[in-house]
Amino acid sequence: MLKTFYLLVGAMLLTAGTFAQTVIKGNVSDLEGGSLPGATVIEKGTTNGAVTDLDGNFTIEVTKTPATLVFSYIGYTTQEIEVNAQVTLRVLLESGSYSLSGVEVVGTRSLNRSATESMSPIDVIDVSAVTAANGQLDINQLLQYTAPSFNSNRQSGSDGADHIDPATLRGLGPDQTLVLVNGKRYHQSSLINIFGTRGRGNTGTDLNTIPASAIERIEILRDGASAQYGSDAIAGVINIVLKDNVDEFTGNVNTGAHLAQYNNGEGSLDGQNLQLNGNYGFKLGEDGFINVTADYNYRGHTNRAFFEGPDFPALVDYRNQFGDAEVTNFTTWFNMRMPISNTAHIYAFGGMNSRMVDAYAYTRSITGDNANASRVDTLIYPEGRFDPVIASVVKDNSFSAGIRGDVKGWDVDLNNTFGNNMMHYYGRNTLNASMGINSPTEFDDGGFGLVQNTTSLDFTRMYDGFAKGLNVAFGAEYRVDNYTIFAGEDASWANYGELYIGEVDTIPGIDTIVRPSGAQGFPGFQPGDETNEYRTNIGVYIDLEADLTDAFAVSLAARFEDYSDFGNTVTGKFAFRYAFNKNFALRGSASTGFRAPSLAQVYFSSTYTNVESGVIIDEVIADNKSVITRSLGIPSLKEETSLNASIGVTAKPILGLSLTLDAYYVAIDNRIVLTDGFGTDDDVIGSVLEDLNVGSARFFTNAVSTTSQGLDAIISYRMYLDKNTLTLTYAGNFNNMTIDSVYTNELLAGKEQFYFSDRERQFLLASAPPVKMHFNVEFATNKWNFNLRANYFGEINLINYSELPYTYSPKTTLDLSIGHDLTNNLHLTVGAANLLNTYPDPTNPFETETGGAWDAVQMGFGGTFAFAKLGFTF
């Protein structure tokens with residue numbers, strides 16, 4: 001592996017690539033004449049580029065004339081200039097709050113406020129730059145190693161969470177972060193997380209349905225924003241802005257693999273990745289465009305089973321396959337805008353995603369450390385063991401269209417956004433033990449789906465005559481949600497009664513045996529689980545932003561929403577920013593927020609297989625309207641409510657140095673959680689469970705109040721060394737969550753430990769490390785770039801099945817990449833993520849959530865990932 005790495009680096013060192021002939025010099029500044037050091041200058045259609053120096057000056061050799069130069073700087077509108085000969089340019093960039101597609105910066109509805117002037121903390125991530133320099137290939141993993149307040153780990157042995165990665169902001173729930181695309185609400189996934197170390201009992205948004213190759217930038221608003229955007233925006237908002245460039249083709253061939261070496265032993269490669277993508281924009285008339293993207297991504301299985309720790313032996317036939325799932329993902333996206341008059345345009349964007357996943361469940365065996373003879377049939381699996389595969393096909397589609405323009409001084413936007421997500425499960429390499437030798441080994445297990453349609457009408461207007469400017473925005477939104485569960489084939493869930501010797505493998509002393517129901521690994525959804533439920537809600541809002549003086553700006557927002565199934569709610573927000581001078585500002589906010597219970601939390605039901613300390617049991621999750629929940633006196637789910645506050649500073653004390661510090665407070669009441677299991681020995685519902693022939697039942701309920709306090713810090717320093725740049729970036733999140741109360745009802749008084757046990761509480765508290773930091777060093781020349789990044793993950797504390805605490809100590813990983821422009825159209829990057837092959841501390845697989853030596857925490861359990869990326873631009 002290292003030989004291949006060195007050969008790639010050597011090839012890059014030997015590559016010569018000086019094709020330019022015409023020298024263009026110039027200066028880049030803002031409209032007031034202030035120089036913009038670090039502005040990017042790119043020759044369109046090539047990888048050829050330059051960066052302005054301390055005085056805003058640049059020199060670039062273009063490969064041909066005429067050539068189009070693209071000038072960009074964060075917080076300013078991108079500008080394109082055509083050059084026909086050797087000239088000296090004076091380029092003035094205008095401070096801009098939105099791109100050519102008319103997409104506002106998240107967190108403000110003002111068309112005159114840039115991200116750098118925001119009253120709330122916003123991370124603006126240049127996706128092309130990040131993907132070119134780092135090994136991560138999907139959006140969840142890109143953000144995991146770019147934004148410290150964002151956390152996402154690949155799960156294993158967690159049913160649907162192996163297929164759709166749960167992600168969080170500031171350690172809150174996956175469904176407490178709102179996702180927008182081009183400023184419009186993006187639908188959630190139909191999956192509700194049952195297992196895993198993050199997001200248990202939560203739904204969320206599948207960010208990996210949107211390829212990085214289609215994205216211009218990602219904006220992360222790290223502040224509560226329910227009053228501005230509605231339900232779910234308790235932790236913050238992620239806005240994905242799609243590409244809008246034209247007459248330029250960009251593509252990538254990315255490949256890599258994990259080093260399957262651990263326990264100080266020799267290993268080979270696994271988890272091979274291959275990604276192919278392309279993006280191109282076409283002009284529509286003079287000022288319109290359509291930009292299209294296609295992306296293919298394959299990721300192979302990894303296997304980290306059979307780890308032998310210092311305090312425990314390697315387990316036999318417990319989980320013979322433990323690691324990342326195999327994923328094949330194909331996505332197409334488009335983004336379009338076309339003027340229909342001098343003051344109006346139509347726009348549309350959307351995409352289709354198809355994903356096929358194979359994830360291994362726990363081993364079924366008649367011997368070894370996971371022995372359970374009733375679940376194995378040696379007439380089908382003569383070795384007495386098998387590894388069930390939980391497979392899925394995930395289909396995700398979205399389409400948004402609207403018309404926007406000026407109506408008597410008002411910027412008016414009428415939009416409709418449709419999205420649907422469907423997850424269909426299949427069982428492979430498994431059996432229904434109650435069918436004996438007649439059992440098939442593949443099953444259709446059924447699945448679930450979510451459809452969401454949102455219609456919105458927004459009005460925005462700037463009044464220059466009020467103080468230094470007053471922006472008024474108001475609007476309305478109508479949304480329809482539809483959640484469905486569809487059953488699998490009968491054999492995937494049914495029990496076919498007692499089996500007689502001859503129909504099954506011989507078990508000494510036993511003439512008949514009652515076998516477990518359904519497909520092993522993932523019993524299918526039953527006809528009784530089927531549901532088809534709708535919800536509607538309407539919301540109205542008003543949002544005011546005023547620059548009271550040149551230095552002091554304030555905003556007020558209020559929102560009312562009415563839901564068809566649980567009532568209405570009112571939220572509000574106040575924010576301010578005071579600039580002491582152009583280099584130092586104070587900002588803060590206070591707001592109330594809410595999150596409506598998802599339809600999946602209300603109506604999801606399933607009978608499934610769980611493994612606790614090596615014991616396989618059948619459990620049921622009862623929906624919120626079921627006989628079980630009513631027997632326990634569980635009320636109908638209601639909204640979660642929050643109180644958010646933040647205070648922060650932004651500063652640019654010297655040229656090239658910038659820093660932001662933001663402290664936050666988030667208190668959430670009535671958090672919806674998935675309870676622990678109530679067994680057949682329970683005095684309230686034990687007889688009900690026996691009638692259902694299940695050993696345990698769980699359900700969703702508003703049961704927990706939490707408080708999160710923390711600090712986000714970002715410090716960046718760029719030095720200009722002749723024509724080269726050295727950029728140092730530190731980003732850190734310090735987060736502390738406490739569980740303030742766990743409340744039950746009269747029937748369950750005194751059963752708080754069954755209701756929400758210490759183990760479940762620790763999973764909630766471990767949704768994010770208490771400290772997560774990134775330190776990045778980037779050195780760039782005209783043709784080369786070098787990146788070294790250190791990632792620090794703080795201590796994680798969990799409780800095992802034996803109700804004993806265990807700790808994952810702090811860990812640091814290193815990432816390294818080297819990039820080189822092979823030609824003016826080709827750029828090659830090679831490197832390694834987790835260069836030193838760092839893992840979390842190992843623990844006994846009997847006691848982990850995954851059934852492996854590590855839970856899905858910190859940097860995960862993939863080890864070193866070596867990669868090569870070839871990017872091309874024409």
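Two strands count as a pair if DSSP finds at least two bridges between them. In this predicted model, strand β29 (residues 552-563) and strand β30 (residues 567-581) clear that bar: they pair in the antiparallel sense over 12 bridges. To pick out one spot along the pairing, serine 555 has alanine 575 in β30 as its bridge partner. β29 and β30 make a hairpin, with 3 residues between them. Strand β30 also has a partner in strand β31 (residues 584-595), and here 8 bridges join the two, again running antiparallel. One of the bridge pairs links asparagine 581 with phenylalanine 584 of β31. β30 and β31 form a hairpin too, this one with 2 residues between them.

Next come a couple of backbone oddities. Asparagine 670 is not a glycine, yet its phi is positive, at about 60°. This asparagine sits in strand β35 (residues 657-674). Is asparagine 670 buried or exposed? Its relative accessibility is 17%, so asparagine 670 counts as buried, the cut-off being under 20%. Glutamate 803 is another residue that has a positive phi without being a glycine, this time about 65°. Its home is the loop between β41 (796-799) and β42 (805-808). With a relative accessible area of 67%, glutamate 803 is exposed.

What about the nonpolar residues inside? The largest nonpolar core holds 51 residues, and the members that touch the most others are Ile218, Ile238 and Ile240. Take isoleucine 218: once its neighbours within four places in sequence are set aside, its contacts are Asp123, Val124, Ile125, Val127, Ile139, Leu143, Ile238, Asn239 and Ile240. There is also a second, separate core of 26 residues, which includes Ile192, Ala361, Tyr425 and Val602.

Finally, there are the gaps. Rolling a probe the size of a water molecule over the atoms shows where empty space is left. Searching the whole structure turns up 15 cavities of 30 Å³ or more. The second largest cavity contains about 380 Å³ of space. Which residues come closest to its centre? Out of the 24 that line this cavity, they are Gln141, Tyr145, Arg154, His258 and Met859. Both α3 (139-144) and β43 (811-821) contribute to the lining of the second largest cavity, each with at least two residues. By type, the lining of that cavity splits into 6 nonpolar, 14 polar and 4 charged residues.

Methods
Residues numbered from 1 in each chain as written. Predicted model: local features only at pLDDT ≥ 70, side-chain atom pairs only at ≥ 80, totals over all residues. Heavy atoms only, no water. Helix = DSSP H or I, 4+ residues; strand = E, 2+ residues; numbered from the N terminus. Buried < 20%, exposed > 50% of the residue type's maximum accessible area, 1.4 Å probe, protein only. Core = buried A, V, L, I, M, F, W, Y, C linked by side-chain atoms within 4.5 Å. Contact = heavy atoms within 4.5 Å. 1 Å grid on protein atoms, 1.4 Å probe; cavity = no way out; pocket = protein on both sides within 12 Å on 5 of 7 lines; lining within 4 Å. Points joined across faces, edges and corners; volume = space filled by probe spheres on them. Nonpolar A, V, L, I, M, F, W, Y, C, P; charged D, E, K, R; others polar.
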